[in-house]
Amino acid sequence: MRVWCLDAPEWNHQGGSTATSTLHSLISGKQLRCAVLDVDRYGRLVAQCVQPNGRDIAAEMIRSGAATEYCRYSGGYYGTC
């Protein structure tokens with residue numbers, strides 16, 4: 001699954017371990033609510049996910065600096081484009 005409009009470094013690139021650990025801390029042990037919005041060219045589900053308290057996972061990753069908004073697809077949804 002891919003998080004909608006999130007551009008994060010791959011695990012084996014600079015910043016990848018930070019992105020991975022940030023995402024892990026946001027989702028570990030939590031029951032997320034995800035809305036599938038698309039299927040990418042690799043057949044992965046693309047979803048917007050929120051924690052039980054309503055915090056958007058992509059917004060939190062962007063706010064933390066662990067990832068950036070994927071402006072090509074977001075239409076500026078997160079306000080960083």
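This report walks through the sheet, the disulfides and the two largest pockets of a predicted model.

**The sheet**

Let's start with the strands. Three of them form an open sheet in the order S1-S4-S3, and the pairing is mixed. S1 and S3 are the edge strands, each pairing on one side only. S3 and strand S4 (residues 45-50) run antiparallel and are joined by six bridges. One detail here leads straight to the next topic: Cys-34 has Cys-49 in S4 as its bridge partner.

**The disulfides**

A search of the whole structure turns up two disulfides. With bonded cysteines counted along the chain, they follow the pattern 1-2, 3-4. Here they are side by side:

| Disulfide | S to S distance | Angle about the S-S bond | Handedness |
|---|---|---|---|
| Cys-34 to Cys-49 | 2.2 Å | 115° | right-handed |
| Cys-71 to Cys-81 | 2.0 Å | -100° | left-handed |

The disulfide of Cys-34 and Cys-49 links distant parts of the chain, with Cys-34 in strand S3 and Cys-49 in strand S4, 15 residues apart. Its two ends have their own surroundings: Cys-34 counts as partly exposed because its relative accessibility is 35%, while Cys-49 is buried, with a relative accessible area of 3%.

Cys-71 lies in helix H3 and Cys-81 in the segment after H3, so this disulfide ties together parts that are ten residues apart in sequence. Cys-71 is partly exposed at a relative accessible area of 33%, and Cys-81 counts as exposed at 56% relative accessibility.

What about Cys-5? Cys-5 is in no disulfide, and the nearest cysteine sulfur, that of Cys-81, is 8.2 Å away. Cys-5 is buried, with a relative accessible area of 5%.

**The pockets**

The largest pocket has a volume of about 520 Å³. Its lining has 19 residues, and Arg-2, Leu-6, Ala-8, Pro-9 and Leu-23 lie nearest the centre. Strand S1 (2-3), strand S2 (6-7), helix H1 (16-27) and helix H2 (57-64) each supply at least two residues of this lining; H1 has the largest share, with five residues. By class, the lining has 13 nonpolar, two polar and four charged residues.

The second largest pocket holds about 380 Å³ of space. Of its 15 lining residues, Arg-2, Asp-40, Val-46, Tyr-70 and Tyr-73 lie nearest its centre. S1, strand S3 (33-39) and helix H3 (71-74) each supply at least two lining residues, and S3 gives the most, with three residues. This lining divides into nine nonpolar, no polar and six charged residues.

Methods. Residues are numbered from 1 along each chain as its sequence is written. This is a predicted model: local features need pLDDT of at least 70, side-chain atom pairs count only at pLDDT 80 or more; totals for chains, interfaces and linings use all residues. Side-chain values use heavy atoms; hydrogens and water are left out. On a 1 Å grid over the protein atoms alone, a cavity is a set of points where a 1.4 Å probe fits but cannot get out, and a pocket is an open set with protein on both sides within 12 Å along at least five of seven lines; lining residues have an atom within 4 Å of a point. Grid points are joined across faces, edges and corners, and a volume is the space filled by probe spheres set on the points. Helices (H or I, at least four residues) and strands (E, at least two) are DSSP runs, numbered from the N terminus. Ala, Val, Leu, Ile, Met, Phe, Trp, Tyr, Cys and Pro count as nonpolar, Asp, Glu, Lys and Arg as charged, and the others, Gly among them, as polar. Two strands pair if DSSP finds at least two bridges between them. A disulfide is a pair of cysteine sulfur atoms within 2.5 Å. Buried means under 20% relative accessible area, exposed over 50%, partly exposed in between (1.4 Å probe, protein chains only).
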